[in-house]
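Work through the following exercises with the sequence and the model at hand. Each task is followed by a solution in steps.

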Amino acid sequence: EKAGFDFISNLLSLNGLSSRNIDYTKVTSRPVFEENVLEINITPTIDGVPVIDINPTTPLVSGYLQKDGKLFGLIYRSGFDNMTNTVSYPTKTLKQVQDSLVVEGKIITLGEPQSEPALLIPTAINVSTITPSLLFVSEKPEMLLPIYVLTGVAQTEQGQVPVYIYIPSVNSKYVRAL
């Protein structure tokens with residue numbers, strides 16, 4: 001994993017995609033293609049806040065390395081490459097998050113990803129974690145939207161399924177929603 005991460009970091013640097021404001025050290029990996037290839041996923045962070053995609057399960061930087069160490073593939077989805085210092089906005093309190101959940105919250109994924117999509121209707125949602133994040137939207141790569149990612153489980157007719165909900169983390173008067 002370390003060799004793969006070093007290779008990808010070097011590749012990003014050579015292509016001018018590294019910046020002192022962006023940290024590329026949050027790494028996960030897993031074997032793929034019958035364990036012949038190592039997939040390395042990197043989540044960029046800015047000032048310690050992870051940058052995520054519209055789909056919370058999609059990494060912004062992915063590298064694929066064969067067992068012999070040769071590059072099999074690289075996917076770089078992050079459109080930003082020269083982020084300036086982030087601006088500190090007053091974030092919502094927990095009460096404000098609760099009050100705006102129904103109005104501003106958007107369920108991004110409900111249930112496990114499947115080849116055949118299933119229609120799931122939640123009857124109850126139990127949120128277990130709230131993670132501050134920056135949302136990367138490919139249509140507007142020059143701006144990252146401050147959001148909270150709420151994760152938990154939803155009760156449906158098929159039983160309990162995982163749920164991801166995105167909600168703006170600051171008052172709408174400070175940022176323009178897409």
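**Exercise 1.** What does the accessible surface of the chain come to, and what percentage of that surface belongs to carbon and sulfur atoms?

Solution. The model is a predicted one. The accessible surface of the chain is about 11000 Å². Carbon and sulfur atoms hold 53% of that surface. As for the interior, 35% of the 178 residues count as buried.

**Exercise 2.** Describe the order of helices and strands in the chain.

Solution. Begin with the count: there are two helices and nine strands. Then read along the sequence, which gives α-β-β-β-β-β-α-β-β-β-β. Finally, turn to the contacts between residues at least 6 apart in sequence: 58% of these join residues at least 24 apart.

**Exercise 3.** Place lysine 67 and decide whether lysine 67 is buried or exposed.

Solution. Locate the residue: lysine 67 sits in the loop that links strand E4 (61–66) to strand E5 (71–76). Next, take its relative accessibility, 68%. The cut-off for exposed is over 50%, so lysine 67 counts as exposed. Then look beyond the neighbours within four places in sequence: lysine 67 has contacts with Glu35 and Asn36. Valine 37 is 30 residues away along the chain, yet its C-alpha atom is 6.1 Å from that of lysine 67.

**Exercise 4.** Which residues make the nonpolar surface patch of about 380 Å², and which strand gives the largest share?

Solution. List the members: Leu94, Ile107, Ile125, Val127 and Ile130. Strand E7 (residues 124–136) supplies the largest share, three residues. Isoleucine 125 lies in strand E7. With a relative accessible area of 37%, isoleucine 125 is partly exposed.

Conventions
Residues numbered from 1 in each chain as written. Predicted model: local features only at pLDDT ≥ 70, side-chain atom pairs only at ≥ 80, totals over all residues. Heavy atoms only, no water. Helix = DSSP H or I, 4+ residues; strand = E, 2+ residues; numbered from the N terminus. Buried < 20%, exposed > 50% of the residue type's maximum accessible area, 1.4 Å probe, protein only. Contact = heavy atoms within 4.5 Å. Patch = residues over 30% accessible without salt bridge, like charges linked within 9 Å, V, L, I, M, F, W, Y side chains within 5 Å. Areas by Shrake-Rupley, 256 points an atom, 1.4 Å probe, with all protein chains shown as cover. Salt bridge = Lys/Arg side-chain N within 4 Å of Asp/Glu carboxyl O.
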